[in-house]
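User: I would like to learn how to read the sheets, buried elements and charged pairs of a protein model. Could you take me through them one feature at a time?

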Amino acid sequence: WRDHCGVSDYARLLIPELEGLNGVSEVAIVEPPVALAAKRVGERLRTRRSERAEFRRLGEQMNGLASLADVTHIQHQYFFFGGVAPHKSRISDFWAGVRIPAVMTVHEIAVEDGSGLRRTLIGLANRRNLLDRAVRRWIVHTAQDREALVRIGAPEARVHVVPHGVPQPTALADTAMAREELGLGERRVVTLFGFLSSKKGHRVAIEAAQHLPDDVIILFAGGRHPDDRSDYAEELKREVARLGLASRIRVTGYLPAEEIPKVMAVTEAAIAPYLNTSGSGSLANLMAYGEACIVSDIGPHREIESSHPGSLLLTPVGDGPALAAAISAVLDDPALRRRLAAHAREYALQHSYRSVAQATLEVYQLAIADASGLHAHRN
């Protein structure tokens with residue numbers, strides 16, 4: 001809840017909108033332990049018994065802090081429960097405490113890849129995390145994730161696609177002042193926004209930078225994710241330095257909320273060359289500000305472009321030169337930038353957190369009805 005991550009941002013934006021709807025009388029928050037996944041193996045073994053008791057208690061709290069709730073809603077991410085690995089996860093202890101109908105928003109589904117043993121373990125982790133009998137309904141952000149969840153074993157009719165919410169943008173900073181504060185001069189700014197993560201395609205952007213004019217600078221506008229235990233962020237910086245691109249690519253580090261309008265004000269084109277995504281809060285932020293977005297041609301991005309034609313410019317996945325060509329086309333064509341920006345704003349208006357809250361309430365009502373029907377059947 002206090003961590004800087006996309007899931008906590010999503011919850012913080014959703015809850016006030018839920019509280020404003022007819023049919024919702026109260027929303028209570030159960031907060032998971034902070035940084036459980038950061039513990040080393042030895043520490044995890046020493047604290048195993050207390051962790052199990054803690055997560056059982058958290059599951060029991062989900063039944064209602066003051067009085068019995070009608071429904072419980074889990075914003076699921078693996079690291080909240082200790083990680084993907086079955087021996088690290090405390091999800092089973094959590095589920096043991098949950099007794100009332102549950103709705104789960106699945107923000108990510110671990111990909112079952114690698115060796116046979118690895119695939120088996122990830123498959124086990126997915127089923128333990130996502131398919132407990134307490135869960136009556138699931139929310140995902142993309143049709144691609146709906147299909148993945150059904151393949152794991154979720155009943156198709158109970159998995160609901162609710163596209164990722166788009167926040168209300170804060171007023172943009174003065175562009176000239178923001179340029180001066182960020183030391184950008186007259187350079188044209190391209191932004192890859194959000195936490196540094198390998199799936200976001202930063203290395204594709206590094207390749208693209210080598211094919212762009214000298215007056216273009218790419219901002220990696222974000223820092224390391226709190227769950228990231230890898231050296232990815234430092235590896236990116238070393239690669240940028242090795243290729244002599246330090247003046248062409250800048251890593252800002254984590255951006256506090258008050259700094260985001262400055263970056264958005266100076267951005268002339270935004271890129272999301274993601275290798276995969278489960279629905280991106282980072283891309284949603286870019287569209288909220290009406291940025292001209294150049295994105296990879298992956299399923300979730302095609303879904304957005306299919307439902308709102310003209311809101312995204314698609315480029316081949318993992319192709320740096322093609323990304324550079326698309327960036328140049330957008331930077332050199334003000335009319336194209338305006339069209340992309342206008343369509344992005346239209347998408348943002350139609351996918352506000354108020355619309356997400358209304359769709360979520362409808363899923364709550366279905367979950368409660370499911371549980372009522374099961375109870376009647378048992379009686």
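Analyst: Let us begin with a term that the sheets require: two strands are said to pair if DSSP finds at least two bridges between them. In E2, for instance, the residue that forms the bridge partner of Thr72 is Ala102. Please keep in mind throughout that this is a predicted model.

User: What is the order of the four strands in the open sheet that contains E1, and in which sense do they pair, parallel or antiparallel?

Analyst: Strands of a sheet pair through backbone hydrogen bonds, and they may do so in a parallel or an antiparallel sense. Here the four strands follow the order E1-E2-E3-E4, and the pairing is parallel. Strand E1 (72–76) and strand E4 (159–161) stand at the edges with a single partner strand each, so one side of each is left without a neighbour in the sheet. From one strand to the next, the twist averages 25°. E1 and strand E2 (residues 102–106) run parallel and are joined by five bridges, and Gln75 has Thr105 in E2 as its bridge partner.

User: Which helices pack on this sheet, and which strands do they touch?

Analyst: Helix H1 (residues 6–19) packs on the sheet and touches E1 and E2, its direction making about 145° with that of E1. H5 also packs on the sheet, where it touches E1, E2 and strand E3 (135–140), and its direction makes about 135° with that of E2.

User: How many residues of E2 are buried, and which ones lie on each side?

Analyst: In a regular strand the side chains alternate between the two faces of the sheet. Five of the five residues of E2 are buried, so this strand is largely enclosed by the rest of the structure. Both of its faces are covered, with Ala102, Met104 and Val106 buried on one side and Val103 and Thr105 buried on the other.

User: Turning to helix H5, is Asn129 buried or exposed, and what is in contact with it?

Analyst: A residue counts as buried under 20% relative accessible area. Asn129, whose place is in helix H5, is buried, with a relative accessible area of 1%. Leaving aside its neighbours within four places in sequence, Asn129 is in contact with His76, Tyr78, Ser89, Ile91, Trp95 and Met104. Leu121 also lies in helix H5 (residues 116–130), but at 38% relative accessibility Leu121 counts as partly exposed. Together with Leu117 and Leu124, Leu121 makes a nonpolar surface patch of about 270 Å².

User: What is the strand order of the sheet of six strands, and which strands are at its edges?

Analyst: This open sheet has the order E7-E6-E5-E8-E9-E10, with parallel pairing. Its edge strands are strand E7 (249–251) and strand E10 (313–315), each of which pairs on one side only. The twist averages 25° from one strand to the next. Strand E5 (residues 188–193) pairs with strand E8 (residues 267–272) in the parallel sense over three bridges, and Thr191 stands opposite Ala270 in E8. Helix H12 (residues 299–307) packs on the sheet and touches E8, strand E9 (293–296) and E10, with a direction about 150° from that of E10.

User: Which features show how E8 and helix H11 are covered?

Analyst: Five of the six residues of E8 are buried, so E8 is largely enclosed by the rest of the structure. E8 pairs with E9 in the parallel sense over three bridges, and the bridge partner of Ile271 in E9 is Ile294. Helix H11 (residues 281–288) is mostly covered, with six of its eight residues buried, and what covers those buried residues includes E5, helix H10 (260–266), E8, E9, H12 and helix H14 (334–350).

User: How many salt bridges does the structure hold, and which residues form them?

Analyst: Side chains of opposite charge can pair when their charged atoms come close. The structure holds 21 salt bridges, and I will describe a few of them. The side chains of Asp113 and Arg118 meet in a salt bridge at 3.1 Å, N to O; Asp113 counts as partly exposed at 36% relative accessibility, and Arg118 counts as partly exposed at 44%. Lys237 forms a salt bridge with Glu234, with the closest N and O atoms 3.6 Å apart, and both residues lie in helix H9 (residues 232–242), three residues apart, about one turn of the helix. Arg302 forms a salt bridge with Asp297, where the closest N and O atoms are 3.1 Å apart. Elsewhere, salt bridges that share partners join Arg137, Arg158 and Asp370 into one network.

Methods: Residues numbered from 1 in each chain as written. Predicted model: local features only at pLDDT ≥ 70, side-chain atom pairs only at ≥ 80, totals over all residues. Heavy atoms only, no water. Helix = DSSP H or I, 4+ residues; strand = E, 2+ residues; numbered from the N terminus. Axes fitted to C-alpha atoms, helices over the stretch in contact; angles between N-to-C directions. Contact = heavy atoms within 4.5 Å. Patch = residues over 30% accessible without salt bridge, like charges linked within 9 Å, V, L, I, M, F, W, Y side chains within 5 Å. Areas by Shrake-Rupley, 256 points an atom, 1.4 Å probe, with all protein chains shown as cover. Salt bridge = Lys/Arg side-chain N within 4 Å of Asp/Glu carboxyl O. Buried < 20%, exposed > 50% of the residue type's maximum accessible area, 1.4 Å probe, protein only.
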